Structures are given as C-alpha cells and as structure tokens.
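Visitor: Please take me through one part of this structure in detail. I would like the N-terminal helices and the open space beside them.

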Amino acid sequence: MTNEATRNKLIEMRLSAMANAFDAQRDDPNMSSISFDDRFGLLVDIEYCQRKNNALHRLVKRAGLEQKGANINEIDYSSGRKLNRDLIARLASCEFVREGRNIFITGATGSGKTFMACAFGYEACRQFYNTKFVRLPDLLIELEMARENRTFTKSMLKYTKPALLIIDEWLLLKPSESEQKAIFEILHRRSGKSSTIFCLQYPSSEWYEQLGGLANPLTDSILDRIIHNAYTIDIRSSDPHKDISMREIYGLDKKLSR
C-alpha cells in the first residue's frame with residue numbers, strides 16, 4: 001500500500017488530523033529515529049486532541065454563552081467585591097454538576113453575575129457537559145410562542161435536557177400565571193437530575209414575593225425544587241460608596257469609545 005493510499009483512507013475515515021500528522025512525519029527526517037509505536041502514538045494523540053477540541057467548540061457554540069470570553073481565571077478579586085475564592089475554585093471543578101446541585105449568583109446590576117455564570121458554563125463545556133445559557137425573559141417568550149405553534153414539548157427539551165442550565169435575569173419581572181407554570185415544569189423536570197445557575201438581583205428574602213407569594217400556589221413548589229441543594233454567591237461591594245461596575249472594568253477604554 002502506498003503512503004498516498006494510506007492518507008486517502010485516513011481522510012475517508014474522517015481522520016484528517018491524523019492524515020496531516022502522517023504527512024508531517026513523512027517530511028520530518030528526525031522521525032526516522034523514533035520507533036513505530038511512538039510514531040503511531042503521536043498520530044493517535046493528535047487525532048484525539050483535535051476531536052476533543054472540536055467537541056468543545058461545538059458545546060460552547062451550542063451553549064450560547066452571552067459572554068463568550070468569560071473565564072474563571074479572569075475573575076477580578078481585587079475590585080472591592082467580597083468573593084469567596086475557595087468556593088469559586090471548588091465550583092469551577094464542576095463538582096456541583098456531578099452532584100446535581102444549583103448555584104444562585106446574586107448582586108446589583110453590573111456586579112459581574114453574568115460573567116461569573118458564563119465562566120462556570122465554559123468550565124462545564126470543557127468537561128463536556130451539555131450546557132445552555134438563556135435570559136429568563138427570552139425563555140418565557142420562546143415558550144409562549146411554542147404553545148401557540150404547538151411545539152411546546154420540543155422547546156421544553158432545550159431547557160430540561162442540558163446538564164447545566166444558566167438562567168440570567170432570574171425573576172427580574174414577576175411572572176404571569178402561565179409563565180409560573182412553565183417555570184415550574186422546567187425546574188421540576190431538572191430537579192435532582194441536573195444543575196441550574198440562577199443570576200438575579202433580588203436577595204433570597206424577596207424571592208417568595210417575586211414569584212407571587214401566597215397568591216401563587218406554585219411559589220412553594222418552585223422554591224422547594226431549587227433552594228435546598230444550592231450554593232449561593234452573593235457579590236457585594238466592600239465599600240458601596242466606591243463600587244465599580246464590572247462592565248466598566250472589563251469594558252472598552254473610555255478613550256476608545258470617543
């Protein structure tokens with residue numbers, strides 16, 4: 001069998017990274033001193049790494065993270081915010097996903113909630129967990145349209161199947177009765193089976209009323225399915241008078257915006 005025939009078969013089997021590495025080995029005179037086993041191992045490693053990278057790229061793209069460049073290593077601990085570095089490092093290991101636990105990230109507008117949630121989302125993708133990011137207002141609009149189009153079940157699967165679901169702007173507005181039912185259905189199906197990160201401005205003391213309080217029979221049921229197994233990261237400023245928005249820290253240089 002000729003080398004060209006071998007290369008063509010590799011490509012036909014969709015082993016293009018291995019095929020390119022095979023060409024590189026043939027063109028490198030130093031490879032003649034390396035054993036067959038080692039050379040073959042290098043080919044397999046290159047194909048393996050390429051496939052893992054491709055899988056990661058697909059997961060990140062499918063996740064739809066709002067802040068695509070968010071990274072755990074870029075979380076700012078020196079901006080005057082009270083952050084538990086040890087807890088964040090532990091959560092970045094995605095232990096909470098394996099355990100099916102939730103995370104609440106609370107803080108004022110511009111405190112960096114979305115950035116942190118997306119950073120956790122990226123780490124989940126790196127560990128090959130199916131991840132999905134969505135703003136709660138967008139989610140509720142999509143489900144309402146799905147009801148009208150009779151595709152509600154299909155739309156629900158987008159948010160019940162992922163191992164990690166990130167819901168931004170959680171309870172920013174009080175949900176209507178039909179929206180409360182949709183929220184309950186999603187969280188009920190995810191409870192104990194998968195993890196959800198909630199980003200919200202309201203402290204835990206206000207969640208009950210924001211969900212409808214006593215007027216909503218689903219309030220207790222919704223909270224019961226999400227709060228008992230959850231971690232909480234409350235992003236607060238050490239000195240509110242010197243508070244700086246994370247959008248300002250991570251945003252454009254003011255000179256560039258003029």
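Guide: What follows covers the packing of three helices, then a pocket lined in part by them.

This is a predicted model, in which local features need pLDDT of at least 70, side-chain atom pairs count only at pLDDT 80 or more, and totals for chains, interfaces and linings use all residues. Residues are numbered from 1 along each chain as its sequence is written, and side-chain values use heavy atoms, with hydrogens and water left out.

Two packed helices are described by the angle between their axes and the distance between the axes. Start with α1 (residues 3-12) and α2 (residues 16-27). Their axes lie 7 Å apart, at an angle of about 155 degrees. That makes α1 roughly antiparallel to α2 (angles over 145 degrees count as such). Axes are lines fitted to C-alpha atoms, for helices over the stretch in contact, and angles run from 0 to 180 degrees between N-to-C directions. Helices are DSSP runs of H or I with at least four residues, numbered from the N terminus.

The crossing of α1 and α2 is left-handed (the near helix is turned anticlockwise from the far one by less than a right angle; clockwise is right-handed). From α1, the contact (heavy atoms within 4.5 Å) uses Asn-3, Thr-6, Arg-7, Leu-10 and Ile-11. α2 brings Ser-16, Met-18, Ala-19, Asn-20, Phe-22, Asp-23 and Arg-26. By class, five are nonpolar, four polar and three charged. Ala, Val, Leu, Ile, Met, Phe, Trp, Tyr, Cys and Pro count as nonpolar, Asp, Glu, Lys and Arg as charged, and the others, Gly among them, as polar.

Next comes α3 (residues 36-63). α2 and α3 pack at about 140 degrees, with axes 8 Å apart. Their crossing is right-handed. α2 contributes Ser-16, Ala-17, Met-18, Ala-21, Phe-22 and Gln-25. α3 contributes Arg-39, Leu-42, Leu-43, Val-44, Ile-46, Glu-47 and Gln-50. Eight of these residues are nonpolar, three polar and two charged.

Now the open space. The second largest pocket holds about 190 Å³. On a 1 Å grid over the protein atoms alone, a pocket is an open set of points with protein on both sides within 12 Å along at least five of seven lines; lining residues have an atom within 4 Å of a point. Grid points are joined across faces, edges and corners, and a volume is the space filled by probe spheres (1.4 Å) set on the points. Among the lining residues are Thr-6, Leu-10, Phe-22, Gln-25, Arg-39 and Leu-43. α1, α2 and α3 each give two or more residues. α3 gives the most, with four. The lining has six nonpolar, three polar and one charged residue.

Note on methods. Parallel < 35°, antiparallel > 145°, perpendicular 65-115°, else oblique.
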